[in-house]
Amino acid sequence: MNYILLELDTTAPTLEIYAPNYTTRSALTPVTIQANEPLSSYQEVYIVDALGGRHDLTFAHEDDNLVGYLSLNGYPLGIATLYCRLMDTVDNLSSLYSHSFSIMESEILTAEMSLQFMDNAMQVQTMNQDFQVNTMKNEMEVVS
């Protein structure tokens, strides 16, 4: 007697979302959605912004992941949530996954610093200097 053994894949893919916890309107924010198996081209990816508005997205499909860059110019400031539901190559639909992040005003802060010191002749001198701080990279730059 001959037997044929069929194994059916009825397991939905599991996903992980790789995205920052905060970004700005001016930054191009990278996002990767990684699955535990190859994915079909079906994708349901969207953001719900701080005011409840839905923004549908389309990411590049690369076998077992999706890659995209978010341009958030025009989005309201505050907490936004990225949602995704994907399908594997045999049409098993994943659960709905989400990742929340904060949209901030700008990554560049400009400030003026004023220093007072005594020179060699014991005269009080004042030095004013403008500088910018990049909050996304923790860098400070002197502005001429």
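In the predicted model, strand 4 and strand 5 run antiparallel and are joined by four bridges. The two strands form a hairpin with five residues between them, and within this turn glycine 52 adopts a positive phi of about 90°. One of the pairings across the hairpin places isoleucine 47 opposite histidine 55 in strand 5. Glycine 53 also belongs to the loop between strand 4 (39–48) and strand 5 (54–57). With a relative accessible area of 24%, glycine 53 is partly exposed, since the buried class is limited to values under 20%. Apart from neighbours within four places in sequence, the contacts of glycine 53 are with Ile47 and Val48. Glycine 53 and tyrosine 75 are separated by 22 residues in sequence, and their C-alpha atoms lie 9.1 Å apart.

The hairpin is set within a protein that has twelve strands and zero helices. Its order along the sequence is accordingly β-β-β-β-β-β-β-β-β-β-β-β. Of the 144 residues, 30% count as buried. Among contacts with a separation of 6 or more, 57% are accounted for by residues 24 or more positions apart.

Strand 4 pairs not only with strand 5 but also with strand 8, in the antiparallel sense and over seven bridges. Two of the residue pairs illustrate this register: tyrosine 46 has tyrosine 83 of strand 8 as its bridge partner, and valine 48 stands opposite threonine 81 in strand 8. Strand 8 (78–88) is in turn joined to strand 9 (97–104) by seven bridges, and these two strands likewise run antiparallel. Here isoleucine 79 stands opposite serine 102 in strand 9.

A further group of four strands forms an open sheet in the order 1-3-7-6, with antiparallel pairing. Strand 1 (15–18) and strand 6 (60–62) occupy the edges; each has a single partner strand, so one side of each is left without a neighbour in the sheet. The twist from one strand to the next averages 20°. At the strand 6 edge, three bridges connect strand 6 to strand 7 (residues 65–71), and the two run antiparallel. The bridge partner of alanine 60 in strand 7 is valine 67.

Aspartate 64 lies in the loop between strand 6 and strand 7. Its relative accessibility of 22% places aspartate 64 in the partly exposed class. When residues up to four places away in sequence are not counted, aspartate 64 touches Ile33, Gln34, Ala35, Glu37, Pro38 and Leu39. Aspartate 64 and proline 13 are 51 residues apart in sequence, with a C-alpha to C-alpha distance of 9.6 Å.

The largest nonpolar core comprises 20 residues, of which Ile33, Val45 and Ile47 touch the most other members. Two or more residues are contributed to this core by each of strand 1, strand 3 (28–35), strand 4, strand 7, strand 8 and strand 9. The greatest contribution comes from strand 8, with four residues. Ile33 is thus a core residue that is also in contact with the loop residue aspartate 64.

Isoleucine 47 connects the core with the hairpin described above, being a core member and standing opposite histidine 55. Beyond neighbours within four places in sequence, the contacts of isoleucine 47 include Gly53, Arg54, His55 and Leu57. Isoleucine 47 also contacts Leu70, Leu72 and Tyr75, together with Ala80, Thr81, Leu82 and Phe101.

The count of cavities of 30 Å³ or more comes to one. The space in the largest cavity is about 40 Å³. Its lining is formed by Ala19, Pro20, Thr29, Val31, Leu70, Leu82, His99 and Phe101, with strand 3 and strand 9 as the elements that give two or more residues to it. Among these lining residues, Leu70, Leu82 and Phe101 are also contacts of isoleucine 47.

Note on methods. Residues numbered from 1 in each chain as written. Predicted model: local features only at pLDDT ≥ 70, side-chain atom pairs only at ≥ 80, totals over all residues. Heavy atoms only, no water. Pairing = 2+ DSSP bridges. Axes fitted to C-alpha atoms, helices over the stretch in contact; angles between N-to-C directions. Core = buried A, V, L, I, M, F, W, Y, C linked by side-chain atoms within 4.5 Å. Buried < 20%, exposed > 50% of the residue type's maximum accessible area, 1.4 Å probe, protein only. Contact = heavy atoms within 4.5 Å. 1 Å grid on protein atoms, 1.4 Å probe; cavity = no way out; pocket = protein on both sides within 12 Å on 5 of 7 lines; lining within 4 Å. Points joined across faces, edges and corners; volume = space filled by probe spheres on them.
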